[in-house]
Amino acid sequence: MKFHILTIFPEFFEGPFRHGVVARGVAAGVLSIQVHNLRDWTHDRHKSVDDRPFGGAEGMLLKPEPIFSAVETIWPERPAGAKVVLLSAQGRKFDQRTAREFSSASSLLFICGRYEGVDERVAEHLADEEISIGDYVLSGGELAAMVVIDSVARLLPGVVGNSDSTAFESFEATGHEEGLLDCPQYTRPADFRGWRVPEVLLSGNHEEIRKWRKSAARHKTARLRPDLLPADS
Ligand code: 9D3
């Protein structure tokens, strides 16, 4: 899969993509990433990418012309299976289902919003999807693009070493097993500062371990993510 990123801060992406799942995918030849500087598609002396909102409002918006020029230069014809994704605070909320959907695209181009936002014609006439990563305020779409790319990259065959570990997720809508959070897990030492690992996990009784995990996952979900529980439980 090919990822394109359109941003006024191309340097942001230098560190994160040199490590972890994305670097592994690049090394394996499963994915490639091209970062484009939006200012390369400006034509004025000051390389302006932003302007003031019509109707009077706070702040500045990304102008449409450089964004359309960039996308139309990168893709003079839209390749089959290619998607343009606008990252904005006004987007549909990203989740594991959307990650999986994106992972079957041939190519994804991310437009990173900045300032107070992006001229709405980009969302209406250029982007296939407008995506937010959650209900909190970021300073722009760059971190959101990294989040989305990380979650999509690890779903590509050959990126996460053990192909079972993502196949397991494939029949779930939410990214959580049976709609619950993962159960708590422990490693050695069995006693750390007097906090003991639950005795059942040391028992070797696999049926009891299975029941404990199910129950612990339910309790943790009820405490931290009650929104994930079925309404009648
Ligand atoms: C008047 C309210 N505005 C500022 C507090 C709204 C606003 C404009 C621009 C809020 C954030 C942004 C910049 N954010 C993004 O471009 C963004 C984002 C986000 O803020 N949260 C979650 N996902 C994303 S994706 C892009």
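# A ligand and its surroundings

A nitrogen atom of the ligand is 2.8 Å from a polar backbone atom of Y136, and I would like to begin with that contact before I go on to the rest of the structure. Please keep in mind throughout that what we are looking at is a predicted model.

Two further contacts belong beside this one. An oxygen atom of the ligand comes to 2.9 Å from a polar backbone atom of L138, and a nitrogen atom of the ligand has a backbone N or O atom of I133 at 3.0 Å. With the ligand in this place, the protein covers 74% of the 570 Å² of accessible area that the ligand has on its own.

Where, then, does the ligand sit? The ligand is found in the largest pocket. The residues that surround the ligand number 17, and the closest are E116, I133, G134, Y136 and L138, so that the three residues I have just named for their backbone contacts appear in that list as well.

Which strand gives the largest share of the shell around the ligand? That strand is β5, from which 3 residues of the shell come. Both β5, which runs over residues 82-93, and β8, which runs over residues 129-132, supply at least two residues each.

Let me stay with β8 for a moment, and turn to the loop between α4, residues 120-125, and β8, for this loop is the place of D128. D128 has a relative accessible area of 43%, and is therefore partly exposed, since that value lies between 20% and 50%. In sequence D128 and W75 are 53 residues apart, while in space they are 14 Å apart, C-alpha to C-alpha.

Next comes the backbone, where there are a few details to look at with care. Y115 has a phi near 55°, a positive value in a residue other than glycine, and you will find Y115 in the loop between β6, residues 107-112, and β7, residues 117-118. With a relative accessible area of 37%, Y115 is partly exposed.

R193 also has a phi near 55°, which is again a positive value in a residue other than glycine. This residue lies in the loop between β9 and β10, the latter covering residues 195-196. Is R193 buried or exposed? Its relative accessible area is 68%, and R193 counts as exposed because that value is over 50%.

Just before β9 there is another detail of the backbone, in the loop that connects α6, residues 164-167, with β9, residues 191-192, where P189 has its place. The peptide bond that joins R188 and P189 is cis, with omega about 0°.

Now I move from exposed positions to a buried one. E142 lies in helix α5, which covers residues 142-153, and its relative accessible area is 0%, so E142 is buried. The side chain of E142 has a partner there, for a polar contact of 2.6 Å joins it to the side chain of T7.

Finally, a word on the cysteines. C112 is buried, with a relative accessible area of 3%, and C183 is buried too, with a relative accessible area of 19%, because the limit for that word is under 20%. How many disulfides does a search of the whole structure find? The search finds 0.

Conventions: Residues numbered from 1 in each chain as written. Predicted model: local features only at pLDDT ≥ 70, side-chain atom pairs only at ≥ 80, totals over all residues. Heavy atoms only, no water. Disulfide = S-S within 2.5 Å. Buried < 20%, exposed > 50% of the residue type's maximum accessible area, 1.4 Å probe, protein only. Near = heavy atom within 4 Å. Polar contact = N/O pair within 3.5 Å; in protein donor to acceptor, adjacent residues only side chain to side chain. Areas by Shrake-Rupley, 256 points an atom, 1.4 Å probe, with all protein chains shown as cover. 1 Å grid on protein atoms, 1.4 Å probe; cavity = no way out; pocket = protein on both sides within 12 Å on 5 of 7 lines; lining within 4 Å. Sits in = over half its atoms within 2 Å of the grid points. Helix = DSSP H or I, 4+ residues; strand = E, 2+ residues; numbered from the N terminus.
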